[in-house]
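Here are my notes for you, written as a colleague would jot them down. Have the picture open and find each spot as you read.

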Amino acid sequence: MEEKGQLMGVPIKLVMALVIGTMTMGVLMQFVGTAERMVLKDMDVRFTTSSNRLTVKVYDAASGDPLGGATIVVKYPGGMDAKTLGTSSNQYTFTIPLNGADVVVTTVQVTRNGYIPWEGQVAVG
């Protein structure tokens with residue numbers, strides 16, 4: 001004869017705890033999956049300068065792969081220039097007006113969907 005509060009020899013409280021734990025784990029796994037998809041990635045931005053030309057190259061920081069589709073904004077004394085790259089291009093060369101100066105400090109901002117915005121400065125001249 002079975003004892004009161006048991007199901008096939010297993011206490012009812014244990015069965016209920018296992019069912020509730022399994023349901024909770026399912027909900028938590030869905031939450032973790034959603035959180036992983038919303039994580040922003042980091043990008044690696046590299047400069048090359050030659051006289052009044054500034055070449056900006058954009059890469060995925062984790063993999064090192066070229067990163068297309070980024071928007072690059074270059075600000076310099078007296079103006080600014082911007083370029084949104086195509087999906088198959090990861091670099092662009094800007095011509096910076098020196099206006100008689102030997103060196104001009106430019107601010108470079110790079111943004112792309114799914115990535116942390118990047119900003120830095122470089123001297124051109």
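The points below go from the overall layout to single residues.

1. Start with the big picture, and keep in mind that this is a predicted model. The protein chain has 125 residues, and they make one helix and nine strands. If you walk along the sequence, the pattern is β-β-α-β-β-β-β-β-β-β.

2. Next, some totals for the protein chain. About 8,700 Å² of surface is accessible, and carbon and sulfur atoms own 58% of that. Buried residues make up 22% of the chain. Look also at contacts between residues with a separation of 6 or more: 46% of these link residues 24 or more positions apart.

3. Now find β3 (residues 43-50) and β4 (residues 53-60). These two strands run antiparallel and are joined by eight bridges. Together they form a hairpin, with two residues between the strands. Check S51 in the turn: its phi is positive, at about 45 degrees. A handy landmark in this hairpin is T49, which sits opposite L54 in β4.

4. L54 turns up again in the core. The largest nonpolar core holds 19 residues, and L54 is among those with the most contacts inside it, along with I72, V74, I96, V108 and V110. The elements that give two or more residues to this core are β3, β4, β5 (71-76), β8 (104-111) and β9 (118-124). As background, nonpolar side chains tend to be buried together in soluble globular proteins.

5. What does I72 touch, once you leave aside its neighbours within four places in sequence? Quite a list: V56, V58, D81, A82, K83, L85, F94, V108, Q109 and V110. Two of these partners, V108 and V110, are also among the core residues with the most contacts.

6. Is N90 buried or exposed? You'll find N90 in the loop between β6 (79-84) and β7 (91-95). N90 counts as buried because its relative accessible area is 14%, under the 20% cut-off. Setting aside residues within four places in sequence, N90 is in contact with V56, K57, V58, Y59, P66, L67, G68 and L85.

7. K41 sits in another loop, the one between α1 (12-37) and β3. With a relative accessible area of 47%, K41 is partly exposed. K41 and D60 are 19 residues apart along the chain, yet their C-alpha atoms are separated by 7.9 Å. D60 is also on the list of residues that K41 touches, together with G114, Y115 and I116, not counting residues up to four places away in sequence.

8. How many salt bridges does a search of the whole structure find? The search gives one, between the side chains of D44 and R46, with 2.9 Å from N to O. D44 is partly exposed at 27% relative accessible area, and R46 is partly exposed too, at 41%.

9. Last, look at the surface. V10, L14 and L18 make a nonpolar patch of about 250 Å². V10 belongs to strand β2 (residues 10-11). V10 can be part of the patch because its relative accessible area is 31%, and patch residues need over 30%. That value also makes V10 partly exposed.

Notes:
Residues are numbered from 1 along each chain as its sequence is written. This is a predicted model: local features need pLDDT of at least 70, side-chain atom pairs count only at pLDDT 80 or more; totals for chains, interfaces and linings use all residues. Side-chain values use heavy atoms; hydrogens and water are left out. A salt bridge is a side-chain nitrogen of Lys or Arg within 4 Å of a carboxyl oxygen of Asp or Glu. Buried means under 20% relative accessible area, exposed over 50%, partly exposed in between (1.4 Å probe, protein chains only). Patches are made of residues with over 30% relative accessible area and no salt bridge: like charges are joined within 9 Å, nonpolar side chains (Val, Leu, Ile, Met, Phe, Trp, Tyr) within 5 Å. Accessible areas come from the Shrake-Rupley method with a 1.4 Å probe; for residues, only the protein chains shown count as cover. Helices (H or I, at least four residues) and strands (E, at least two) are DSSP runs, numbered from the N terminus. Two strands pair if DSSP finds at least two bridges between them. A nonpolar core is a set of buried Ala, Val, Leu, Ile, Met, Phe, Trp, Tyr and Cys residues joined through side-chain atoms within 4.5 Å. Contact means heavy atoms within 4.5 Å.
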